[in-house]
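This report describes the surroundings of the ligand in the structure shown below. It treats the nearest residues, the polar contacts, the metal and the make-up of the shell in turn.

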Amino acid sequence: MSREEEILDGLYENTLNGMAPPVVELTKEGIALNMDPMVLLFDALIPALEEVGRLFEIGEYFVPEMLIAAKAMSGAMEILQPLIAESGAEPLGTFLMGTVKGDIHDIGKNLCNVMLEGAGFKVIDIGVNVAPETFVEAIKEHKPDAVGMSAFLTTTMPMFITNIEAIEEAGLRDQVKILVGGAPVTQEYCDTVGADGFAPDANSCVRLTKQLLGIPA
Ligand code: B1M
């Protein structure tokens with residue numbers, strides 16, 4: 001097995017087991033060996049978190065295990081983020097992004113932000129557990145071209161409707177394109193809440209944003 005393969009295996013295993021220090025070390029080593037940050041992300045880190053979710057679902061992992069795995073992944077993301085987001089060009093537009101009220105999941109949202117920045121958007125991240133009035137205030141303040149809302153729980157997905165209603169009531173709906181996403185969200189659900197689009201992953205989030213804003217791919 002090559003050192004690169006060992007690094008991917010090590011990243012997967014250590015993220016799965018929530019071992020933050022080796023995840024950081026292996027990420028740094030991978031970068032030093034010129035491995036593609038996207039390979040580290042999509043071939044090791046994200047699959048590890050998917051497995052964490054599966055183990056949680058079948059009752060082998062509990063919240064603390066999910067939490068330390070997420071922390072381990074975040075350590076790697078801090079290193080990878082600036083490498084993926086390097087751009088330097090004039091922004092294509094401004095994207096305001098937040099996780100809805102009641103929901104504190106942020107890894108998927110952060111990954112979308114990194115890819116959007118990498119594609120040339122200016123991203124304003126208003127964090128997690130974002131109340132409808134905070135979305136409205138942030139739209140007034142930052143005047144984004146697009147607003148992204150993430151929800152990762154079936155119980156918080158209905159906040160999309162509440163947020164969109166608040167944006168409509170504030171008279172801002174026609175000034176922004178609204179995208180929704182997150183693990184349990186579907187195109188059908190997107191259609192029922194009146195968003196402009198749904199993207200299943202970070203790459204499609206970039207593609208869809210460009211499409212909605214009329215920016216060539
Ligand atoms: Co939570 N959790 N969690 N969790 N957690 C899930 C989401 C769950 C699916 C696990 C499971 O049961 N298999 C489940 C939700 C079930 C459901 O409602 N359908 C769940 C649960 C139940 C919970 C708690 C309720 C557990 C409890 O307390 N009993 C609790 C809720 C807390 C809350 O928010 N109020 C909870 C807590 C946590 C932790 C805090 C421990 C931790 C989050 C840490 C953090 O984010 N900083 C955590 C984690 C880590 C997970 C799993 C394991 C991993 C999530 C993740 O980061 N995935 C997750 C299981 C899973 O998803 N397989 C799970 C990797 C990430 C890259 O993917 O988030 O899907 P994802 O994001 C993707 C796409 O969705 C998309 O692009 C991203 C990149 O490709 N995307 C968008 C995301 N946002 C988008 C926006 C867009 C477009 C695309 O446009 C705007």
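## Residues around the ligand

Among the 35 residues that surround the ligand, those that come nearest are Glu57, Ile104, His105, Asp106 and Ser150. The model is a predicted one. The ligand takes up the space of the largest pocket.

## Polar contacts

Two of the nearest residues also make polar contacts with the ligand. Ile104 does so through its backbone, where an N or O atom lies 2.7 Å from a ligand oxygen atom. Asp106 uses its side chain, a polar atom of which lies 2.7 Å from a nitrogen atom of the ligand.

A further contact involves Ala183, a polar backbone atom of which is 3.3 Å from an oxygen atom of the ligand.

## The cobalt atom

The protein provides a single donor to the cobalt atom of the ligand: NE2 of His105, at 2.2 Å. His105 is located in the loop that runs between strand 1 (94–99) and helix 5.

## Composition of the shell

Six elements each contribute at least two residues to the shell around the ligand: helix 3 (37–57), helix 4 (63–85), helix 5 (107–119), strand 3 (146–150), strand 4 (177–181) and helix 9 (202–212). Helix 3 gives the largest share, 5 residues. Sorted by class, the shell comprises 22 nonpolar, 9 polar and 4 charged residues.

## Position relative to the domains

Where does the ligand lie with respect to domain 1 (3–86) and domain 2 (94–213)? Both domains give residues to the shell around the ligand, and the ligand therefore lies between them.

Technical notes: Residues are numbered from 1 along each chain as its sequence is written. This is a predicted model: local features need pLDDT of at least 70, side-chain atom pairs count only at pLDDT 80 or more; totals for chains, interfaces and linings use all residues. Side-chain values use heavy atoms; hydrogens and water are left out. A residue is near a molecule or strand if one of its heavy atoms lies within 4 Å of it. A polar contact is a pair of N or O atoms within 3.5 Å; within protein, one must be able to donate a hydrogen and the other to accept it, and residues adjacent in sequence count only if both atoms are side-chain atoms. On a 1 Å grid over the protein atoms alone, a cavity is a set of points where a 1.4 Å probe fits but cannot get out, and a pocket is an open set with protein on both sides within 12 Å along at least five of seven lines; lining residues have an atom within 4 Å of a point. A molecule sits in a cavity or pocket if more than half of its atoms lie within 2 Å of its grid points. Helices (H or I, at least four residues) and strands (E, at least two) are DSSP runs, numbered from the N terminus. Ala, Val, Leu, Ile, Met, Phe, Trp, Tyr, Cys and Pro count as nonpolar, Asp, Glu, Lys and Arg as charged, and the others, Gly among them, as polar. Domain bounds come from an automatic or database domain assignment. Donors are N, O and S atoms within 2.8 Å of the metal (3.2 Å for Na, K and Ca); water is not among the atoms, so sites may look incomplete.
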